[in-house]
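Colleague: I'd like to learn how to read a model like this one, feature by feature. Can we start with what buried and exposed mean?

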Amino acid sequence: MFDVVIIGAGVTGSAIAREISRYKLKACVIEKEEDVCNETSKANSAIIHAGFDAVPGTEKAKLNVIGNSMMDQIAEELDIPFKRNGSLVVCTKEQDPEGLQILMERGKKNGVPDLQILNREELLKKEPNLADDVTSALWAPTGGIVCPFHMTMGYAENAYENGVQFFLNTKVEKLEKTEAGFAIQVHHIDNGGDEMIETRIVVNAAGVYADEINNQLSDRKLHITARKGEYMLLDKTVGDYVKSTIFQLPSKMGKGVLVTPTVHGNLLVGPTAVNVEDKDAVNTTMDGLDQIAKVSSRSVKNVPFRQVITSFAGLRAHEDDDDFIIGEAPDVQGLINAAGIESPGLSSAPAIGVAVAELVSDILNAEEKLDFNPIRHGILDPDTLSLEERNQLIKENPAYGNIICRCEMITEGEILDAIHRPLGARSLDGVKRRTRAGMGRCQSGFCSPKVMEILKKEVPMSIDKIGKNGVGSEFILGENKELEDE
């Protein structure tokens, strides 16, 4: 019997788990994928929004601004890359500049500081590659960029080290209300086993599937539409093409196509916004990528698309009421929803985590731990060391002198850390998200066999069980010959 079961190990579920781990509660996270940060949280714009876009008075507006203000402390405590590079919403000759004024007034009502409208001359001093038709823009200096992988894993690892259990490769099949709380029937995807988990409270952070979880228990039905966004990622050689995050005036489908640097030095362009029926539809399309190239040119000229190294797509959980659903279901005591978490969900995650944890604490009358540790140490990046420090590190641990990923210059030492740390990597994508091995120009063409050998030895696990992304994505089908050792 758990006090709290959190369904979903994306950034929302992981943030909630970390904040709940402050209390003397027995808690766990159930995640159907093989790793945390494996669905919406891994495929998004990686933006910490300033908070001027959401309608004042909504949960999105309130939680975005609070979450943004928390990011500096969160980045320090969880040791994650975060930068306030500022954001610009550009207006072109064909658009009404009144739209910028409306956004600025909305932002002020939401509590966003230091907003101002800049003319073209002022803009070109900041961003010389803006399109020729750009006439003015809204400048928001509190906007930022973050690594969504590290943010989610930072939250999850810190929760784990403070006592939260994680059941990965575990799918919720059925939920029932009981006298004591809830009975959750789960299926373990990796070993085929079934199990019943009991809990006093269920926190529903299941992303695009949050409506299905809620609707098993509540008569207040939710309906979530999967909204697909496609992106193109460009090489680090053009990562400084813009310095700020460049938005276009938003529409009812979202904030439009953006052009932004990433915290790792790449350039990111996207997303599209297309509603899809299939909640697993993360394929990219030629039409979608063509649209990104066409629409992005309205804000930034001559984007160097010849430097694209990969494309990807993610799904946003759009609820029909167009707002976050945060709180206890009105007709099911103990069912707490964190649903409809689309943009600005990443920005709002710190605030959502605190809000839900406080709600759980109030319901269960929980005491805070005296020994809660808010600090998580990330994977050591040798590039942050001086030459002398790096040489000393290699002397003490030669694995940091063995380069595995040539594109990103990732060492064996970093990969070993990714495997052996809390909730460590068990797949190529797990290693990639933690270390960036495989995220460079060759997209793992060179390093994947070496990473597989390290996983085989260090987990340890059979080579034919190693996949790109968990069960069903294995690379090795069998052996065609065996070589004897001489």
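Modeller: Sure. A residue is called buried when its relative accessible area is under 20%, exposed when that area is over 50%, and partly exposed in between. Keep in mind that this is a predicted model.

Colleague: Okay, so is Ala418 buried or exposed?

Modeller: Ala418 counts as buried, because its relative accessibility is 0%. You'll find Ala418 in helix 10, residues 412-420. Ala418 and Gly430 are 12 residues apart in sequence, and their C-alpha atoms are 8.2 Å apart in space.

Colleague: Now strands. How many residues of strand 7 are buried?

Modeller: In strand 7, residues 134-140, 6 of the 7 residues are buried, so the strand is largely enclosed by the rest of the structure. Then look at its partners. Strand 5 (residues 87-92) runs antiparallel to strand 7, and 6 bridges join them. Strand 6 (residues 116-119) is also antiparallel to strand 7, through 4 bridges.

Colleague: Which residues stand opposite Ala137 of strand 7?

Modeller: Val90 stands opposite Ala137, and Leu118 has Ala137 as its bridge partner too.

Colleague: And what about a parallel pair?

Modeller: Strand 5 pairs with strand 14 in the parallel sense, over 4 bridges. Within that pairing, Val89 stands opposite Phe247. Strand 14, residues 245-248, is covered on both faces: Thr245 and Phe247 are buried on one side, Ile246 and Gln248 on the other.

Colleague: How do I read the strand order of an open sheet?

Modeller: Read it as the list of neighbours from one edge to the other. There's an open sheet of 3 strands here with the order 3-8-4, paired antiparallel. Strand 3 (47-48) and strand 4 (82-83) are at the edges with a single partner strand each, so one side of each has no neighbour in the sheet. Between strand 4 and strand 8 (residues 144-146) there are 2 bridges, and the two run antiparallel. Phe82 stands opposite Val146 of strand 8.

Colleague: Let's do salt bridges. What counts as one?

Modeller: The cut-off is a side-chain nitrogen of Lys or Arg within 4 Å of a carboxyl oxygen of Asp or Glu. By that rule there are 29 salt bridges. Take Asp322 and Lys60, whose closest N and O atoms are 3.3 Å apart. This pair links distant parts of the chain, 262 residues apart: Asp322 is in the loop between strand 18 (308-319) and strand 19 (325-328), and Lys60 is in helix 2, residues 59-78.

Colleague: Why is Lys60 called buried, and why is Asp322 called partly exposed?

Modeller: Lys60 is buried because its relative accessible area is 8%, while Asp322 counts as partly exposed because its value is 43%.

Colleague: Can you show me another pair?

Modeller: Asp133 and Lys93 form a salt bridge at 3.8 Å, N to O. They join distant parts of the chain, 40 residues apart, with Asp133 in the loop between helix 4 (120-126) and strand 7, and Lys93 in the loop between strand 5 and helix 3 (98-110). Asp133 is partly exposed at 32% relative accessibility, and Lys93 is exposed at 59%. For a further case, Asp383 bridges to Arg390 with the closest N and O atoms 2.9 Å apart, and Asp383 is exposed, with a relative accessible area of 53%. Bridges can also share partners: Arg18, Glu19, Arg22 and Glu77 are joined that way into one network.

Colleague: Which residues form the negative surface patch?

Modeller: Asp464, Glu474, Glu479, Glu482 and Glu484 form it. Asp464 sits in the segment after helix 12 (448-458) and is partly exposed, at 34% relative accessible area.

Colleague: Last one: what should I look for in the backbone angles?

Modeller: Most residues other than glycine have a negative phi, and most peptide bonds are trans. So the cases to pick out are those that depart from this pattern. Ala46 has a positive phi of about 60°; it lies in the loop between strand 2 (27-30) and strand 3 and is buried, with a relative accessible area of 12%. Asp322, from the salt bridge with Lys60, also has a positive phi, near 60°.

Colleague: And where are cis peptide bonds found?

Modeller: The bond from Ser343 to Pro344 is cis, with omega near 10°, and Pro344 is in the loop between strand 20 (335-339) and helix 8 (345-364). The bond from Val459 to Pro460 is cis as well, with omega near -15°, and Pro460 is in the segment after helix 12.

Methods:
Residues numbered from 1 in each chain as written. Predicted model: local features only at pLDDT ≥ 70, side-chain atom pairs only at ≥ 80, totals over all residues. Heavy atoms only, no water. Patch = residues over 30% accessible without salt bridge, like charges linked within 9 Å, V, L, I, M, F, W, Y side chains within 5 Å. Areas by Shrake-Rupley, 256 points an atom, 1.4 Å probe, with all protein chains shown as cover. Lys, Arg positive; Asp, Glu negative; His and termini not counted. Charge placed at Lys NZ, Arg CZ, Asp CG, Glu CD. Buried < 20%, exposed > 50% of the residue type's maximum accessible area, 1.4 Å probe, protein only. Pairing = 2+ DSSP bridges.
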